[in-house]
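Visitor: Please take one residue of this chain and look closely at what surrounds it, then follow the connections outward from there. I would like the cut-offs stated as you go.

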Amino acid sequence: MQTDLPQGWTILALETSCDETAAAVIRDGRRLISNEVASQMHLHERYGGVVPEVASREHILSMTPVIEAALAPLPGGWSEINAVACTQGPGLAGALLTGVNAAKGLAWAHGLPLVAVNHLEAHIYANWIYPPDVEPAEHPDPLFPLVCLVVSGGHTALVLLRDHGDYRLLGQTRDDAAGEAFDKAARIMGLGYPGGPRVEQIARGVDPKGVRVPRAWLGDSYDFSFSGVKTHVLHAMAEYKAVGAADEQYPARLAAAFQEAVVDVLVSKTVRAAAETGARCVLLAGGVAANTPLRETLIARSPVPVRYPPIRLCTDNAAMVGAAAYFRYRQGLQSDWSLGITPGLKLV
Ligand code: KG4
Ligand code: ZN
């Protein structure tokens, strides 16, 4: 069932699945009114990854100011909001709980519908969003059927969308997610956290010059495996240190070769999936979609147009939750007051 929602239909969305406390206001499922993100990255950096207990506490502290900031651009405040959305999973249990409970309380108090979405679905829907100064005609919706490569810190999946909410999982990682591989490789190379942007930065413009990182193709499967590239970086760095670490350029060349290997596998499988499924476009989604070599290589090799969100909508945010919730609600899907969290929630 698909109901037409009145024009100007506005949603307040919350996102707390990992280490960003985020709130956003989205109009008509696509127009970005506000997008507030309180990052906790500085708190987790010294541990080299996200500490769940610290994340939950920070979400509670940041939630109210972030929501207030997201509502600030609305002259009518809450009277302009038609629904409240949140992330149900996948993610860290304690972190998800803070967002789901806040959304429930707000929806109940303001007599509004509650719409919970899947975090991966939300990443995909970041591709529907346009900024306030762009006219809808300048940003047409992606065309179905489409193939979306979802690459984040926790997930790597190749998904076929035949329509809104109609997902078919073509392949996924069998071990580490692509973002996780970037984070682990960066940690091994002493580059800090989060690894993706650090690896991209030191590899920028660097020729690997003979440094090669092997790819895991897994035959004809659309599945991925990134634990091997990570182990390769571990051994390569150990060897480099064992011989005195004399060549100062080597870590940058290794980072470039690592990035090239990850991008090559991601792009090759996505391009083949697009051709084999007759997709009309290819979408990138998730934190790793911020990676410039990934974007550029995909554009160069894809048989159909490629789209990806602006960087601030690739990494975790609530605007994407609002966009996904709009299309769910339009299909008649709504959460009830018994809504709980699902840390291991699957897309399909
Ligand atoms: O989607 P996201 O913000 O959080 C999850 O849902 O996991 O993704 C975070 C991941 C991290 O692993 C981070 O290292 C990676 O996205 N990332 C990047 C880049 N920016 C963020 N990976 C490669 N290149 C980047 N520029
Ligand atoms: Zn995410």
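Guide: Leaving out residues up to four places away in sequence, Arg30 touches Trp128, Ile129, Tyr130, Asp141, Tyr326, Phe327 and Arg330, where contact means heavy atoms within 4.5 Å. The model is a predicted one, in which local features need pLDDT of at least 70 and side-chain atom pairs count only at pLDDT 80 or more, while totals for chains, interfaces and linings use all residues; side-chain values use heavy atoms, with hydrogens and water left out. Residues are numbered from 1 along each chain as its sequence is written, and chains are lettered from A and ligands numbered from 1 in the order in which they are written.

Arg30 itself sits in the loop between β2 (20-27) and β3 (31-39); helices (H or I, at least four residues) and strands (E, at least two) are DSSP runs numbered from the N terminus. With a relative accessibility of 17%, Arg30 counts as buried, a term that stands for under 20% relative accessible area, with exposed meaning over 50% and partly exposed the range in between (1.4 Å probe, protein chains only). Its side chain also reaches the backbone oxygen of Asp28 at 2.9 Å.

Among the partners of Arg30 are Tyr326, Phe327 and Arg330, and these are included among the buried residues of α11. Because 11 of the 12 residues of α11 are buried, the helix is largely enclosed by the rest of the structure. At 1.5 Å a residue, α11 (residues 319-330) should span 16 Å, and its end C-alpha atoms are 17 Å apart, which agrees; the expected span is 1.5 Å times one less than the number of residues. After α11 comes Gly332, whose phi is positive, near 90°.

Further along, in the segment after α11, is Thr342, which is partly exposed, with a relative accessible area of 27%. Thr342 touches Gln88, Gly89, Pro90 and Leu96, again not counting residues up to four places away in sequence, and its C-alpha atom is separated by 9.2 Å from that of Leu92, although the two are 250 residues apart along the chain. Two of these partners share an unusual bond: the peptide bond from Gly89 to Pro90 is cis, with omega near -10°. Pro90 is found in the loop between β4 (83-89) and α3 (93-110).

A second cis peptide bond runs from Tyr193 to Pro194, with omega near -5°, and Pro194 is in the loop between α5 and α6. Tyr193 is also, together with Arg187, in contact with Gly48, neighbours within four places in sequence being left aside. Gly48 lies in the loop between α1 (41-44) and α2 (52-71) and is buried, with a relative accessible area of 18%.

Tyr193 leads on to the largest pocket, which is lined by 36 residues, of which Ser152, Gly153, Gly154, Asp183 and Tyr193 lie nearest its centre. The elements giving two or more residues to this lining are α4, α5 (178-188) and α6 (195-203), and the largest share, six residues, comes from α5. The volume of the pocket is about 980 Å³. On a 1 Å grid over the protein atoms alone, a pocket is an open set of points with protein on both sides within 12 Å along at least five of seven lines, a cavity is a set where a 1.4 Å probe fits but cannot get out, and lining residues have an atom within 4 Å of a point. Grid points are joined across faces, edges and corners, and a volume is the space filled by probe spheres set on the points.

Helix α4 brings in the zinc ion (ligand 2), whose protein donors are His119 (NE2), His123 (NE2) and Asp316 (OD), lying 2.0 to 2.1 Å from it. Donors are N, O and S atoms within 2.8 Å of the metal (3.2 Å for Na, K and Ca), and as water is not among the atoms, sites may look incomplete. The spacing of the donor residues in sequence is H-x3-H-x192-D. Because His119 and His123 are four residues apart in helix α4 (residues 119-125), they are separated by about one helical turn, and both are buried.

Terms used: A polar contact is a pair of N or O atoms within 3.5 Å; within protein, one must be able to donate a hydrogen and the other to accept it, and residues adjacent in sequence count only if both atoms are side-chain atoms.
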